[in-house]
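Trainee: Please take a close look at a single part of this model with me, and set out its surroundings before moving on to other places.

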Amino acid sequence: MRPDYAAHTPPDDDPERWHDLKEHLFAVANAAAGFAASFGAEKLASAAGLTHDLAKADSRFQEYLTACHENRHAEKCPHAHPSAKAAYDQLGPVALTVLGHHTGMPDKCEAKACFDNADEAAVASAREFMKRVGTLPDLKHALPTWATDPITCEMLLRMVFSALVDADFLDTEKHFDGSKSERRGLYPAIADYQAKLNAHLTGFANSASTVSQVRAEVLASCYSAATQSPGVFKLSVPTGGGKTLSGLAFALDHADARKLERVIVAIPYTSIIDQTAKVYADIFGAEAILEHHSSVETVDDENGQTERESNRRLASENWDCPLIVTTTVQLFESLLANKPSRCRKLHNIAQSVIVLDEVQTLPPHTLAPILDVLRELVEHYGCSVVFCTATQPDYSGVDSRIVSQAVEIVPEYPRHFAELKRVRYEIAPGEWPVEYVAERIDNENQVLTVLNTRKDALAIALACRQDDSLYHLSTLVCGHHRKRVVREVKHNLKMGAPVRLVSTQVVEAGVDVDFPIVMRDLGPLDRIIQVAGRCNREGLLNELGQLGTCIVFRLQGRGSPRGAYRTFTELTITLLEEFMENLDDPAAMQRYFREAFKFTSTGNHIQELRKEFKYRTVAEEFKLIADVTKPLVVLNYSEADVPNLLEGWGHMPPGKWFRRLSPFTVSVYDHDIRKLRNEGLLQDHESGALIYTGAYDARFGLTQGLPDPADLIV
């Protein structure tokens, strides 16, 4: 039986069960309050939940629902703005969360225009229905005591917005798809993850080698530090020192000891997330981890009633899993987003251990807002943050507050770097032509060569001898292809077979390969040190009384990428000779970063926008990757039946379908998408995905001569 006021139409499997509006408002309010309780904002979240759909009481919206149910055409009747206006006197700034609960939080200065344009009849209906809801919580003294300045209040409203939209989504999902709702949250406890990891780590460092001894000491330090109070931590470990699993051991033990709810591991590179997710899945089972890439973003719709948009939203996640493997782009662009589909996860970041792997890769132009948000998460939202890397940056010149709080998990880390010295560095004189670099590669049995750009890497690879020992990696190679290459390279290295890998920067951090020789086109110092970590990684040459070799050369006629990358490269030139014999010394790296950040913009303008509560503008301007990219499904990838996978649309949940296609996608800049479309090489799929129908080379990937997108991934 239909209630007098409905929030949603009946589900397909029960055409008589309408969603009662008042019940929906109270359910959302209670859930939102529960989500916000951990950071002291339950009253704010409850008030937002009780008011977010008030204007659905308008008779025109009720007629719209009836028409939808009867498959008749009806004009949409927007309800968010009238709901916010009706309750503004009670809500105050919290009204921004109601204004944006479908289309996104607006800039505060835009609120007046939203109110002025709100339908007055809908506002009147909302005010009348508010009497049925009852007295709203008194919000005059509802702010947490720590919310004393614009920045902290701006972040608090983001978190309240997250609690509101997730509660709204979940209650709506429960109405339309109770079976899926019941499956949510069925994950192991943190203690179960601990037990499995501890079992896996038995024998983690069971040899007498120096590398094994360092790994054992690092792991012991991680266990020892785990009981400390939540805060900011540094995990400084030389390449090959077991950082990935030791860091996870710290995070899980710390979460258990301090009663935190989840561990979030944020990773910058495609190559590392592939590798890390596989390691975690082997230990815990794939079903126990959430691997979140944004290969497909949902589209926010004003009323959320269309079947297509409802299905697309099933592909988004709210991060309620205890162990999440995501990307730095996904994490930080969500934390400063304004759209419901990106923000609904934010409240679940509270009470978490956030592990930032390869933290030195955070783009300089985003550091000021990133470090400030991290500090707020630690100080006000019960989080711990772990900066993990072999090349620990010095952020004291950007935000001294968070740096001053940082605790070293491994106090003996300088000694470990000295003990694990496995590489000697050579600086090649002059410039090397492409042909000479290729000749050097062809004359080596096992060698890794890293270039600054996709164009340069492809030119070198094409100039090399084209035999089975030649491999190539870049971000224009799809995930499935990349995994196969890494797997074959590792196997052949272990067997002593010839391996000549030519790559962009995607391989230089976090990929567990071990070459006797690496060559690196001149670039930022931290990149050089990271690629040296792929050389003599296991210390096998040390046992023979030798060291690996890292050759830094300059490719003739080629410049480095613009912006901070070029600035950091120029600084590297001045430091190479000074620190030539001690490039692996952490002190050298800290000096490098201190100097580098003096000459780069760190994003302080974003902080100014945040002080003015400009949510929409911040979301538009805060980008870890400056140029927007979109994933293309590679139709002609020969190692998979992609056309058959495409036909699965409509026969499985959209989220599952998108995840199945994700390994066969390549991210491309927007302007290059236009180029491919003009050339007739793109097709639009009914799901919203873009299908690339052009050539895909079995060795070099997408071969349309496109520039390489940023090595960070979303």
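Mentor: Ser83 lies in helix H4, which covers residues 80-86 (helices, H or I of at least four residues, and strands, E of at least two, are DSSP runs numbered from the N terminus). With a relative accessibility of 0%, Ser83 counts as buried (buried means under 20% relative accessible area, exposed over 50% and partly exposed in between, for a 1.4 Å probe and protein chains only). Once residues up to four places away in sequence are set aside, Ser83 touches Thr51, His52, Asp53, Leu54, Ala55, Val98 and Ala126 (contact means heavy atoms within 4.5 Å). Of these partners, Thr51, His52, Asp53, Leu54 and Ala55 follow one another in the numbering, which runs from 1 along each chain as its sequence is written. The model is a predicted one, in which local features need pLDDT of at least 70, side-chain atom pairs count only at pLDDT 80 or more, and totals for chains, interfaces and linings use all residues, while side-chain values use heavy atoms, with hydrogens and water left out.

Lys243 is another residue that repays attention, and it is found in helix H13, residues 243-257. Lys243 is buried, its relative accessible area being 13%, and its side chain makes a polar contact of 2.7 Å with the side chain of Asp357 (a polar contact is a pair of N or O atoms within 3.5 Å; within protein, one must be able to donate a hydrogen and the other to accept it, and residues adjacent in sequence count only if both atoms are side-chain atoms). Neighbours within four places in sequence apart, Lys243 is in contact with Asp357 and also with Leu235, Val237, Glu358, Cys388, Thr389 and Ala390. Beyond helix H13, in the loop between H13 and E4, lies Lys259, which has a positive phi of about 60° although it is not a glycine. In contrast to the buried Lys243, Lys259 is exposed, with a relative accessible area of 66%.

Asp357, the partner of Lys243 in that polar contact, has a number that falls within strand E7 (352-357), and E7 is among the elements against which the buried residues of helix H16 pack. Helix H16, residues 328-335, is mostly covered, with eight of its eight residues buried; these are Thr328, Val329, Gln330, Leu331, Phe332, Glu333, Ser334 and Leu335. Besides E7, they pack against strands E4 (262-267) and E6 (323-327) and helices H9 (150-176), H17 (340-343) and H18 (367-380).

Two of the helices that flank H16, namely H9 and H18, also pack on one another, at an angle of about 75° and with their axes 11 Å apart (axes are lines fitted to C-alpha atoms, for helices over the stretch in contact, and angles run from 0 to 180 degrees between N-to-C directions). H9 and H18 are therefore roughly perpendicular to each other (under 35 degrees is roughly parallel, over 145 roughly antiparallel, 65 to 115 roughly perpendicular and the rest oblique). Their contact is made by Ile151, Thr152, Met155 and Met159 of H9 and by Asp372, Val373, Glu376, Leu377 and His380 of H18.

A second helix pair can be set beside it, formed by H21 (residues 434-442) and H22 (residues 454-463), whose axes come within 8 Å and cross at roughly 60°. That makes H21 oblique to H22. On the H21 side the residues that meet the partner are Val434, Val437, Ala438, Ile441 and Asp442, and on the H22 side they are Ala459, Ile460 and Ala463.

Three further residues complete the tour. Thr103, in the loop between helix H6 (95-99) and helix H7 (111-116), is partly exposed at a relative accessible area of 29%, and although 237 residues separate it from Pro340 in sequence, the two are 7.1 Å apart in space, C-alpha to C-alpha. Thr567, in helix H25 (residues 564-576), is partly exposed as well, with a relative accessible area of 25%, and, not counting residues up to four places away in sequence, it touches Phe599 and Thr600. Thr567 and Leu367 are 200 residues apart in sequence and 16 Å apart in space, again C-alpha to C-alpha. Phe613, finally, occupies the loop between helix H27 (604-611) and helix H28 (615-621), and has a positive phi of about 55° although it is not a glycine; at 14% relative accessibility, Phe613 counts as buried, whereas Lys259, with its own positive phi, is exposed.
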